[in-house]
Amino acid sequence: MGKIRSAISPYSNYLRHLLRVLKLELRWALRHTRKKSHNLSSPLIISLTSHPPRYGTLARTLKSLLTQSIGFESVVLWLGGDDFDKLPRSVLNLQASGLVINTCNDIRSYNKLYHSLLRYPDHHIITADDDVYYWRTWAEEIASIRRNPDEILAHRCHLIRISANGTPLPYDMWEQEITTPACSPLVFPTGNGGILYPPRCFGDEFFDVEAIRSLAPTADDVWIYWMGRRAGFKFRQISGRRKFWNWSDSQSVSLMHVNLGVGSGNDSQISRMGQKYGWPFR
């Protein structure tokens with residue numbers, strides 16, 4: 001039976017991928033359908049970044065964001081260096097449908113939040129990843145939650161596990177992708193699921209590029225968690241576990257390969273953050 005499952009699995013994955021592509025094209029054909037109001041207290045943008053190895057599937061992700069069920073000001077794509085000149089026509093054409101493309105000083109995965117916080121300080125910002133299929137009500141679900149003033153909302157979170165001496169256990173030993181709504185100092189948001197940030201939610205230290213590059217250069221989730229806690233926020237998972245689908249042909253280059261595993265980059269960057277700023281678990 002195991003051999004049969006192994007033989008069927010590639011075809012099953014391909015069919016799921018094909019179904020998402022077809023569903024997305026239908027959404028795109030109906031993109032002018034009236035959208036709901038988001039009812040937030042300030043304008044809303046969706047923000048992400050990308051780089052050339054992901055350009056082959058980027059238009060799909062952007063279409064899934066541009067066809068969300070609620071209205072918003074724009075989808076903002078941040079690109080570092082000379083990456084704008086390498087964009088395919090399939091992405092450039094989306095500028096006529098609500099996509100805004102900005103170039104920036106490249107700080108890798110940080111681009112999607114860092115630069116939007118500076119450019120759009122009075123906006124609500126939902127961050128997204130460039131390699132994920134986002135279902136139609138993804139933004140509506142997170143924007144419609146009534147939050148407390150000290151909360152930042154997220155679709156996908158882990159739960160930090162603490163050792164007897166008060167420091168975190170290795171990242172791989174945390175409770176991954178918690179399955180029930182939760183809010184506490186131990187809830188750790190992950191950016192690929194989408195996080196909703198209220199206006200002006202971080203202090204000036206969030207923008208310390210030198211500290212970012214020395215302490216957590218490839219772990220923006222770690223930096224965001226620490227800076228959020230230092231600004232007085234807790235992170236709240238809004239729902240049970242949701243499946244986030246990466247485009248099957250987008251995963252050859254990923255920070256996940258750098259940051260996960262025994263002795264992972266995440267663990268070393270978490271350690272440096274704790275040594276610099278202390279452990280914000282209370």
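**Exercise 1. Charge placement.** Find how far apart the mean positions of the positive and negative charges of the protein lie.

*Solution.* Start with the counting rule: Lys and Arg are positive, Asp and Glu are negative, while His and the chain ends are not counted. Next, place each charge at NZ of Lys, CZ of Arg, CG of Asp or CD of Glu. The protein then has 35 positive and 25 negative charges. Their mean positions are 7 Å apart.

Two notes apply throughout. The model is predicted, and local features need pLDDT of at least 70, side-chain atom pairs count only at pLDDT 80 or more, and totals for chains, interfaces and linings use all residues. Residues are numbered from 1 along each chain as its sequence is written, and side-chain values use heavy atoms, with hydrogens and water left out.

**Exercise 2. Overall build.** Describe the fold of the protein by its helices and strands, and then by its radius of gyration.

*Solution.* Helices (H or I, at least four residues) and strands (E, at least two) are DSSP runs, numbered from the N terminus. The protein has 9 helices and 12 strands. Its radius of gyration is 19 Å, close to the 19 Å from the globule rule for 282 residues, so the protein is as compact as a globular protein of that length. That radius is taken over C-alpha atoms, and the rule is 2.2 Å times the number of residues to the power 0.38. The C-alpha trace spans about 55 × 55 × 40 Å along the principal axes.

Now turn to burial and contacts. Buried means under 20% relative accessible area, exposed over 50%, and partly exposed in between (1.4 Å probe, protein chains only). Of the 282 residues, 51% count as buried. Contact means heavy atoms within 4.5 Å. Take the contacts between residues at least 6 apart in sequence: 80% of them join residues at least 24 apart.

**Exercise 3. Helix H4.** Decide whether helix H4 is enclosed or open, then look at Asn111 and Lys112.

*Solution.* H4 covers residues 111-119. In this helix 7 of the 9 residues are buried, so H4 is largely enclosed by the rest of the structure. The buried residues are Asn111, Lys112, Leu113, Tyr114, His115, Ser116 and Leu117.

Take Asn111 of H4. Its relative accessibility is 1%, so Asn111 is buried. Beyond its neighbours within four places in sequence, Asn111 contacts Thr49, Trp78, Gly80, Cys104, Asn105, Asp106 and Ser116.

Lys112 is in H4 too. Lys112 is buried at 6% relative accessible area. With residues up to four places away in sequence set aside, its contacts include Ser47, Leu48, Thr49, Trp78, Thr127 and Asp220.

**Exercise 4. Helix H7.** Name what covers the buried residues of H7.

*Solution.* H7 runs over residues 220-230, and 10 of its 11 residues are buried. Among them are Asp220, Trp223, Tyr225, Trp226 and Arg229. The cover includes H4, strand E9 (187-189), E10, H6, strand E11 (234-237) and helix H9 (265-277). Gly232 follows H7, and its phi is positive, near 95°.

**Exercise 5. Cysteines.** Explain why Cys157 and Cys183 are not bonded to each other.

*Solution.* A disulfide is a pair of cysteine sulfur atoms within 2.5 Å. The sulfur of Cys157 has its closest cysteine sulfur in Cys183, 9.2 Å away, which is too far for a bond. By this rule the count is 0 disulfides. Their burial also needs stating. Cys157 is buried at 0% relative accessibility, whereas Cys183 is partly exposed at 30%.

**Exercise 6. Loop residues.** Locate Glu177, Arg200 and Ile162, and classify their exposure.

*Solution.* Glu177 sits in the loop between strand E7 (157-159) and strand E8 (182-184). Its phi is near 50°, a positive value in a residue other than glycine. Glu177 is partly exposed at 27% relative accessibility.

Arg200 lies in the loop between strand E10 (195-197) and helix H6 (209-215). Its phi is positive, about 50°, although Arg200 is not a glycine. Arg200 is exposed, at 59% relative accessibility.

Ile162 is in the loop between E7 and E8. Ile162 is partly exposed, at 33% relative accessible area. Leaving out residues up to four places away in sequence, Ile162 touches Thr167, Pro168, Leu169, Leu186 and Phe281. The C-alpha atoms of Ile162 and Trp174, 12 residues apart along the chain, are separated by 8.6 Å.
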